[in-house]
Amino acid sequence: MLHVTENLAIADWELSESFMRASGPGGQNVNKVSTAVELRFEAERSPHLAPPVKARLRRIAGRKWTAEGALVIQVDETRSQARNREIARDRLVEMIRAALVAPKKRIATKPTAGSQRRRLAAKSQRGEVKSLRGRIEEDD
């Protein structure tokens, strides 16, 4: 079980991990040990997440979301497989927590009378400046 909040936990069957060789520094060890982790979360099939949460998670995940509805997180930051697993799970938990927060509805407001007057005064002043940029006519 992966605990996200007090009342939300992800079941083990929804998560799958695969390990591969990591790129980058590591000496001879990098050619022998599979330390990189690919964590796959079957988000679309998850009974623990509500449909609006899944929609927000899809938007947050971006390119990490597959066509099958799975969220794939790849980590190869450290030389330790256990630490990379931990980082991948932490990233998944953070994404789900961000998706759980519903965005606030925007309440439409009207501009105040004073702000409208200031805007119109600024527009007329700017128009005056621009009108003075024209050709100067000579009076004889």
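Which residue in β5 is the bridge partner of Glu38? The legends below begin with that pairing and then turn to other parts of this predicted model.

**Figure 1. Strands β4 and β5 pair in an antiparallel arrangement.** The bridge partner of Glu38 in β5 is Gln74. Altogether, 5 bridges join strand β4, residues 36–41, to β5. Strand β5 covers residues 71–75, and 4 of its 5 residues are buried, so the rest of the structure largely encloses this strand. In a regular strand, side chains alternate between the two faces of the sheet.

**Figure 2. Strands β1 and β2 form a hairpin.** The connection between β1 and β2 consists of 2 residues. These strands run antiparallel and are joined by 3 bridges. Within this pairing, Leu2 stands opposite Ile10 in β2. Both strands also contribute to the nonpolar core shown in the next view: β1 (2–5) and β2 (8–10) each supply at least two of its residues.

**Figure 3. The largest nonpolar core contains 23 residues.** The residues with the most contacts inside this core are Phe41, Leu57, Leu92 and Ile96. At least two core residues come from each of β1, β2, β4, α1 (51–61), β5 and α2 (81–100). Helix α2 gives the most, with 7 residues. In soluble globular proteins, nonpolar side chains tend to be buried together.

**Figure 4. Leu92 is in contact with residues that lie elsewhere in the sequence.** When neighbours within four places in sequence are left aside, the contacts of Leu92 are Leu2, Leu15, Leu39, Phe41, Leu71 and Ile73. Phe41, like Leu92, is among the residues with the most contacts inside the largest nonpolar core. For the protein as a whole, 57% of the contacts with a separation of 6 or more are between residues 24 or more positions apart.

**Figure 5. Glu17, Arg85 and Arg89 are linked in a network of salt bridges.** The side chains of Arg85 and Glu17 meet in a salt bridge, with an N to O distance of 2.8 Å. Arg85 belongs to helix α2 and Glu17 to strand β3 (residues 15–20), so this pair ties together parts that are 68 residues apart in sequence. Arg89 also forms a salt bridge with Glu17, and the closest N and O atoms of that pair are 3.2 Å apart. Because Arg89 lies in helix α2 and Glu17 in strand β3, this second pair ties together parts that are 72 residues apart in sequence.

Are the members of this network buried, partly exposed or exposed? Arg85 has a relative accessibility of 33% and counts as partly exposed. Glu17 is likewise partly exposed, at 27%, and Arg89 is partly exposed with a relative accessible area of 22%.

**Figure 6. A salt bridge joins Glu44 and Arg58.** The side chains of these two residues meet at 3.5 Å, N to O. Glu44 lies in the loop between β4 and α1 and Arg58 in helix α1, so the pair ties together parts that are 14 residues apart in sequence. Glu44 counts as partly exposed at 38% relative accessibility, and Arg58 counts as partly exposed at 44%. The count for the structure comes to 8 salt bridges.

**Figure 7. Ser46 is a buried residue in the loop between β4 and α1.** The relative accessibility of Ser46 is 2%, and the residue counts as buried because the cut-off is under 20%. Not counting residues up to four places away in sequence, Ser46 touches Glu14, Phe41 and Lys54. Phe41 also appears among the contacts of Leu92.

**Figure 8. The whole protein gives the setting for the close-up views.** The protein has 3 helices and 5 strands, which follow the pattern β-β-β-β-α-β-α-α along the sequence. A compact globule of 140 residues would have a radius of gyration near 14 Å, but this protein has 28 Å. Along the principal axes, the C-alpha atoms fill a box of roughly 95 × 45 × 25 Å. Of the 140 residues, 29% count as buried. The accessible surface comes to about 10600 Å², and carbon and sulfur atoms account for 51% of that surface.

Key:
Residues are numbered from 1 along each chain as its sequence is written. This is a predicted model: local features need pLDDT of at least 70, side-chain atom pairs count only at pLDDT 80 or more; totals for chains, interfaces and linings use all residues. Side-chain values use heavy atoms; hydrogens and water are left out. Buried means under 20% relative accessible area, exposed over 50%, partly exposed in between (1.4 Å probe, protein chains only). Helices (H or I, at least four residues) and strands (E, at least two) are DSSP runs, numbered from the N terminus. Two strands pair if DSSP finds at least two bridges between them. A nonpolar core is a set of buried Ala, Val, Leu, Ile, Met, Phe, Trp, Tyr and Cys residues joined through side-chain atoms within 4.5 Å. Contact means heavy atoms within 4.5 Å. A salt bridge is a side-chain nitrogen of Lys or Arg within 4 Å of a carboxyl oxygen of Asp or Glu. The radius of gyration is taken over C-alpha atoms; the globule rule is 2.2 Å times the number of residues to the power 0.38. Accessible areas come from the Shrake-Rupley method with a 1.4 Å probe; for residues, only the protein chains shown count as cover.
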